[in-house]
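Please look over the sequence and the structure shown below before reading on. The report that follows moves from the overall make-up of the chain to its parts.

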Amino acid sequence: MRPLLIRLMRLAQGRPLSAKRIFLGLAAIPLVLSGGLSRADDDTAPPAKKTVQPPVPEQTVEGTRPWDFNKKTRYAHSLPEVNGPIITVTKKTSVVDLDAQPVIIDNNQRELFDRLPGIVLAEQQNPTQLNVSYRGLGNPQESEYVLLLQDGVPLELDWIGYPTLYMLPVPQTIQSVQMIRGGSGLLYGPEPQPVINFVSKAPVADRPWSGTTEQVGGSHDLFSSFNRLSGTLGNADYLVDYSHRQSDGERENGQYTLNSGDLHLGDKLTENQHLSFDFHAYSLESGLAGLMTYAQYQADRHQTTTPDDLLNTERYSGMLTYDITITPQLKFTQKAWAGYQDLFTRSDRYTGTDLLATGGTLAEQRFHFAGLDGRSLFRWGKGNALTVGYTTYYSESPYHEFQSTDALAENGSDDGVPFYRDDRRTRYGAIFAENVFRLPYFHVVTSARLDHEQLDSHETLAPHPLLVDASYSHNIPQFGLGIGNDFGHGNETYFNVSQAYRPMRYLDVASPFSNFSPGNDPSPTKYLTYELGVHGWPRTGLYYDVSLFQVNVKNRIESQAFSLTETVDVNTGSTRNWGLEGEGSLDLLTLLPNGNVARHLDVFGNISLLDARFTSSDIPGQVGRTPAYAPRYVVKGGLNFHEDNLFKVSLTANLVGAQFFQDSNAAVGGTPAKIPTYTVVDLAGEYTLVGHLRLIGGISNLTNRRYYSRVFLFGGSLEPANSLGAHAGAAFDF
C-alpha cells in the first residue's frame, strides 16, 4: 500500500499524476488487494428505467451493515454503487427525481437542473437548443463540452464530430436526471465531464393500461399538450406518448412549434431475458428573433434584429436493448441504436443600416448515425464486481450551404447558388474495463479505456481556396482510480482521479468560415480530474455531499492566423480549474415524532465555488486570466412541499456569479467584459382537485429579473433571457 499512499500524498501537495504513474498504480492494485477481500455484495441496482409501482411504506434501515442503510434516501439523491452494468462507486453522482416536483412546462430549463450543483445555463428565449457548461470547462453554447444521453445513448447531432445539442426530451417523459462527474468518460465515452443522462419513464407495471392527458396555456399564447398511454400485459409492456407545444415568444419572430413522440415496447422473453424497443421522434420549427448589441439591449430588450431567420430540426431514433442474466453473478446488456437528425437554418443578409434583407443563407446539415454498446457485469469473490465492454459508432453528416436572393426561401429547398459543400464522416470505437475491489472498510476501483476516433472531411466547394480532403485519427488511452471508505451509518468518503479528452470536431479540421492550412491537425484537449469528498444519508430524509475538485486542462484548441490568408487550429495553452462543490437536502417533516409519511417538506441547496486560471498559453498576456464561462460561484436552493397523490409546490432560486464571456477578459463591441451576477426565482405547483383531476400552474422568473446569460464573442452580441411568464392548466390521470 505504501506506493499508493505516496501517490496520494503527492496529489495532496498539488503534484499532478502522469498517465504513466496512473497506469503503474492501476497495475499494482490487484497485487496489493489479493489478500483480504471480505465485504458483502453490492446493493442491488434498480433498473435503468424505473417502473411505476404502488406506494409502499417508507423504510429507514434495510440492513445492519454500515453501507446497507437508509437506501431510499440515498438513491433519491445518488446512484447505486453498481448501477446495472455500470460501476459508479467512488465517482461523484447526483440524481433528480422529476416525479417529486411539479411538472415542468414550456422552456424553463432551470427547474430541470436546479438540484444539480455547478450546472450553468446560457439561457435563450426559444427551445432550439440546450446550452450547459460545468466547472468552467468550455463555452456552454449548444452544450458542446458536456455529454448528454437519453437512456445511455448520446443525444448530440454527431456524438464525436459535431457534439452539439439541438433537442431536449420533453420533461413529462423523463423519470429522473442522472449526473456523473470525473470518471464519466471511462463509463460512456469522451467529453471531459459531466455525463448527464435523462432516464425515460417506464410503462406502468401493475395494470394493463393507464394514461394521462395534460393541457396547459400560458404567457405569449403558450399552449402545451402532453398525452401518454402505458401498461403491462403478461410478459409484455408498452408506452406511447405525444407532446405538442407552441408559443409566439416574447419578441417578433420568436415563435416556435414543437412536436414530440415516444414509443416503448418490451417483452420478458424468459425469466432471465428481456428485450425492448424504443423509438423517439422530435420536430421543431422556430423563428430566431436575433442577437443584439449591448446598446440595443439597453435601449429595448424586446426588439427583433433578425425578423426572417428560421431554424428547423427533426430527429428520429430507434434503440434495441437486450438484457440477460446468464448466472446470478454474470449479466450482459447489449444496445443497438440508429437514427437521423437534420439542422436547417435560414439567416438573413442585409445591405445598408436598415433591416431590409437582400437575401438569405441556407445552411443544411444532415446526420445519419448508428451505434452499438455491449457491457457485461461479473460479480466475483465477496463483493467485487468487474465490468467490461465495447462501444462503436458511425455517422455520415453532409454539410451544404446556399446563397439565395430570397430572404424567405424555404429551409431545405436548396434555393440559390451553392456556397459550401463538405461530405463528413465519423468512425469511433472503444473498449473499456472497470473493477471494484472490496476490503473490510474501504473499496478501490480501477478503470481503463482505449478510444479510437477518425474524422473524414471531403470539401468540394468553399469560399476559400484550400479545400480539405483528408482523414484525421487518434488513439487515446484513459485511466482512472477511485478509493472509498464507509464509516458510521450511511456515510462514505470518496476519492477519484480520472483522465478524459475532448474529441476532434469537424470544425477543427474543415469549416466554411476558415481557410485552414494543409498542416492543420491539433491534438485533442486532455483533462485530468481529481475529486475528494464525503457524502452521506445518516437518517431518513437527510442527504449531504461535499467535495473538493481540481481539473487540469492541457492543450486547449483555439484558432490562430497562420498567414494573411490561412488559419490553423492549434493547442495554445492550459488551465487549472479547482474549487468546492456541495449539496444537501433535508425533509423537515421527518424531524417530527409522528409525522405523515406521505407528506414531505424538503429544503434543499447546493453551491459551487470555482477558481479557474490559465496556467500556460501561447497568447501573450493570457496566463493568469480566467477562462470564459467560469463564474466564481453558483448557488441554488429552494423548498419543495408535497404530499403523495395530492399536491406539490416548489419554490426555487438560482444565483449565478459574474462571468467573462471571452478568454481575453475584455469588453467586446461595447458589451461589458463580464456577464453580470443574476438571481432568478421560479414557482410551480400541482393539486389533485378531485379523483384523478390535477390542476397545474406556475410562474417563471417570479421577480421579473432583467438579465442575460448568453453572449457571443463576435461583436459581443447577446440574447436577453425570458421575462416573467405564467402558465395554468389541468391534467387527468386514468
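How many helices and how many strands does the chain have? The chain has 6 helices and 36 strands, where helices (H or I, at least four residues) and strands (E, at least two) are DSSP runs, numbered from the N terminus. The model is a predicted one, in which local features need pLDDT of at least 70 and side-chain atom pairs count only at pLDDT 80 or more, while totals for chains, interfaces and linings use all residues. Residues are numbered from 1 along each chain as its sequence is written, and side-chain values use heavy atoms, with hydrogens and water left out.

Of the 734 residues in the chain, 57% are buried, a word that stands for under 20% relative accessible area, with exposed meaning over 50% and partly exposed in between (1.4 Å probe, protein chains only). When contacts (heavy atoms within 4.5 Å) with a separation of 6 or more are taken, 67% of them are between residues 24 or more positions apart.

**A sheet of five strands**

An open sheet of 5 strands, with mixed pairing, runs in the order E3-E8-E9-E6-E7; two strands count as paired if DSSP finds at least two bridges between them. Its edge strands, each of which pairs on one side only, are E3 (93-97) and E7 (153-154). In general, strands of a sheet pair through backbone hydrogen bonds, either parallel or antiparallel.

Strand E6 (residues 147-150) pairs with E7 in the antiparallel sense over 2 bridges, and here Gln150 has Val153 of E7 as its bridge partner. E6 also pairs with E9, in the parallel sense and over 4 bridges, with Leu147 standing opposite Val195 in E9. Strand E8 (residues 174-180) runs antiparallel to E9 and is joined to E9 by 6 bridges; one of the bridge partners in E9 is Val199, which is matched with Ser176.

Are the faces of E9 covered or uncovered? In a regular strand the side chains alternate between the two faces of the sheet. In strand E9 (residues 195-200), 6 of the 6 residues are buried, and both faces are covered, with Val195, Asn197 and Val199 on one side and Ile196, Phe198 and Ser200 on the other.

**The nonpolar cores**

A nonpolar core is a set of buried Ala, Val, Leu, Ile, Met, Phe, Trp, Tyr and Cys residues joined through side-chain atoms within 4.5 Å. The largest such core has 38 residues, and Tyr188, Tyr393 and Tyr428 are those with the most contacts inside it. At least two residues of this core come from each of E6, E15 (310-327), E16 (330-350), E17 (357-380), E20 (417-438) and E22 (469-487). Another core, lying apart from it, has 33 residues, including Ile104, Met167, Val170 and Leu258. Beyond its neighbours within four places in sequence, Tyr188 touches several residues, among them Leu147, Trp159, Val195 and Arg375.

**Salt bridges**

The structure holds 28 salt bridges, each being a side-chain nitrogen of Lys or Arg within 4 Å of a carboxyl oxygen of Asp or Glu. Three of these pairs are set out here.

| Pair | Closest N to O |
|---|---|
| Arg502 and Glu144 | 2.3 Å |
| Arg366 and Glu364 | 3.2 Å |
| Arg505 and Asp508 | 2.9 Å |

Arg502 lies in strand E23 (residues 491-502) and Glu144 in the loop between strand E5 (132-134) and E6, so this pair ties together parts that are 358 residues apart in sequence. Arg502 counts as buried because its relative accessibility is 5%, and Glu144 counts as buried at 12%. In the second pair, Arg366 is partly exposed at 24% relative accessibility, whereas Glu364 is buried at 1%. In the third pair, both Arg505 and Asp508 are buried. A network of salt bridges also links Arg135, Arg181, Glu531 and Glu581.

**Cavities**

The structure holds 14 cavities of 30 Å³ or more. On a 1 Å grid over the protein atoms alone, a cavity is a set of points where a 1.4 Å probe fits but cannot get out, and lining residues have an atom within 4 Å of a point; grid points are joined across faces, edges and corners, and a volume is the space filled by probe spheres set on the points. The largest cavity holds about 470 Å³ of space. It is lined by 35 residues, of which Asp106, Asn107, Asn108, Ser700 and Asn722 are the closest to its centre.

Technical notes. 1 Å grid on protein atoms, 1.4 Å probe; cavity = no way out; pocket = protein on both sides within 12 Å on 5 of 7 lines; lining within 4 Å.
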